[in-house]
Amino acid sequence: MPTAPLPQFPAGFRWGVSTSAYQIEGAVGADGRGPSIWDTFAHSPGRIADGSSGDVACEHYHRHREDVALLAGLGVTAYRFSVAWPRIQPGGTGPAHPRGLDFYDRLVDELLAHDIDPVATLYHWDLPQPLEDAGGWLARDTAARFAGYADLVAARLGDRVKLWITLNEPFVQMSLGYGTGEHAPGRTLLFDAFPVAHHQLLGHGLAVAALRARSGSPVAIANNYSPVRARGGTDADRSAAAAYEALHNRLFTDPLLGRGYPEGTIGDPSVVRDEDLAVIAAPIDVLGVNYYNPTGVRAPQEGSPLPFELAPLDGYPRTAFDWPVAPDGLHELLGWLHRTYGDALPPVEITESGCAYHDVPDADGRVHDPERVAYLDGHLRAVRAALDDGVDVRGYFVWSLLDNWEWAEGFTKRFGLVHVDYATQARTPKSSYAWLRDAIAAARRKPAR
């Protein structure tokens with residue numbers, strides 16, 4: 001357990017936690033909500049590790065006041081949640097369903113009553129199933145539908161949400177959802193999934209305009225980033241690492257910041273129309289950075305359909321996901337963004353960072369998770385080091401407040417600061433919750449620097 005106090009952070013630094021709708025809300029049939037691609041995927045045999053679904057999850061839809069009380073007890077200044085598109089437009093089109101908006105109205109007001117900034121993500125992978133049936137993110141029309149949905153949400157919540165995030169991890173939606181089929185909707189298109197990238201980015205740009213028309217709050221996108229390390233010293237290994245970096249890190253950043261698509265990443269060029277890149281490059285106020293681990297890459301085996309092969313990184317502790325715990329990777333990544341994009345890079349917030357472990361209550365019902373405490377301590381120090389290097393980092397959001405339904409892993413992975421007994425829905429703050437509470441309180445007492 002770390003004993004040294006954390007270094008100072010700037011005044012106004014945003015301390016938060018993150019969640020997503022399908023992972024915690026449950027109540028999938030309540031108040032007119034329609035089906036999403038994850039409802040369909042989770043109920044398809046063999047897709048989820050433990051055969052579970054998000055039908056109940058953490059019952060946050062009915063327990064949100066209890067969960068906001070946990071946020072208040074933690075002392076965070078912001079809460080990043082996602083709005084479930086199928087609650088707002090059950091069919092993916094048409095007017096807003098009032099009862100769906102009512103829930104987020106209540107949640108936002110509850111947060112503000114506890115002096116917690118609402119940070120709303122509009123899309124965290126739960127595409128309404130009727131839109132997928134019409135082509136999903138492979139269809140250009142989905143980008144326009146997304147902008148219409150953004151307009152509906154901002155019309156209701158735009159006076160109170162403090163930061164808007166359009167998309168969460170479009171790289172993961174493209175690669176796992178449409179490329180390899182490990183996530184919903186389960187398509188296996190490999191590099192033919194490029195239209196998914198373009199239409200998500202186009203939807204982001206159109207949504208930026210819709211949000212600015214309805215709200216004066218800043219707008220962001222949350223990208224998943226991973227520093228790429230060549231595993232091997234050959235030119236082929238270095239070329240493989242560069243190809244992976246272009247796909248994972250630059251494909252969803254270069255166009256946002258006015259550079260167009262990286263060379264070699266565009267599949268069918270007819271997908272990109274003349275005006276699209278200007279729409280995508282609409283100025284954003286914040287770049288959300290989701291960071292979990294670096295990625296090792298080497299040259300592919302002969303006959304591989306991919307120009308790279310993922311390779312393990314040795315010398316790091318591992319999480320229950322078998323991901324390396326590498327705070328140095330976060331420092332490296334923030335420096336890479338700063339050097340690569342220079343003055344074009346907007347202020348950065350770490351919109352997700354966290355770790356899964358096999359957390360279980362002891363005989364007294366307490367949950368000790370010293371590995372998570374060490375993880376948070378190391379990654380917050382990495383953020384401080386990046387600040388010292390001149391990177392403009394404005395906040396850090398822990399993934400996640402609660403143990404939750406972890407996509408294709410079901411309930412087998414626990415990321416929460418708060419343990420959830422899924423049979424009873426009892427919430428038990430872990431030792432990491434207490435550590436972070438004390439760290440935030442100490443940081444907020446310190447003078448600005």
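A crossing of two helices is called right-handed if the near helix is turned clockwise from the far one by less than a right angle, and left-handed if the turn is anticlockwise. In this predicted model, the crossing of helix 8 and helix 9 is of the right-handed kind. Helix 8 spans residues 170-179 and helix 9 residues 194-214; their axes lie 9 Å apart and meet at an angle of about 150°. Because angles over 145 degrees count as roughly antiparallel, helix 8 is described as roughly antiparallel to helix 9. The contact is made by P170, Q173, M174 and Y178 on the helix 8 side, and by V196, A197 and Q200 on the helix 9 side. The loop between these two helices holds P185, and the peptide bond leading into this proline from A184 is cis, with omega near 10°.

A second cis peptide bond deserves a look: W399 is joined to S400 with omega of about 10°. S400 belongs to the loop between strand 11 (393-399) and strand 12 (418-421). That loop also contains W407, a residue other than glycine whose phi is positive, near 50°. With a relative accessibility of 4%, W407 counts as buried. A positive phi, again near 50°, is found at A27, which sits in the loop between helix 1 (21-24) and helix 2 (37-42). A27 counts as buried too, at 16% relative accessibility, because the cut-off for burial is under 20%.

Turning to the strands, an open sheet is built from three of them in the order 6-8-9, and its pairing is mixed. Strand 6 (228-230) and strand 9 (309-311) form the edges, each pairing on one side only. On average, neighbouring strands of the sheet are turned by 45° against each other, direction ignored. Strand 6 runs parallel to strand 8 (residues 295-298), and three bridges join the two; R229, for instance, has G296 in strand 8 as its bridge partner. Helix 10 (residues 235-250) lies across strand 6, strand 8 and strand 9, and runs at about 170° to strand 6.

As for the nonpolar interior, the largest core comprises 132 residues, and W38, Y104 and W164 have the most contacts inside it. Leaving aside residues up to four places away in sequence, Y104 touches A21, E25, F81, S82, V83, A84, R87, I88 and L157. Another core, of eight residues, lies apart from the largest one; its members include A78, A220, V286 and F397.

Notes. Residues are numbered from 1 along each chain as its sequence is written. This is a predicted model: local features need pLDDT of at least 70, side-chain atom pairs count only at pLDDT 80 or more; totals for chains, interfaces and linings use all residues. Side-chain values use heavy atoms; hydrogens and water are left out. Two strands pair if DSSP finds at least two bridges between them. Helices (H or I, at least four residues) and strands (E, at least two) are DSSP runs, numbered from the N terminus. Axes are lines fitted to C-alpha atoms, for helices over the stretch in contact, and angles run from 0 to 180 degrees between N-to-C directions. Contact means heavy atoms within 4.5 Å. A nonpolar core is a set of buried Ala, Val, Leu, Ile, Met, Phe, Trp, Tyr and Cys residues joined through side-chain atoms within 4.5 Å. Buried means under 20% relative accessible area, exposed over 50%, partly exposed in between (1.4 Å probe, protein chains only). Angles under 35 degrees count as roughly parallel, over 145 as roughly antiparallel, 65 to 115 as roughly perpendicular and the rest as oblique.
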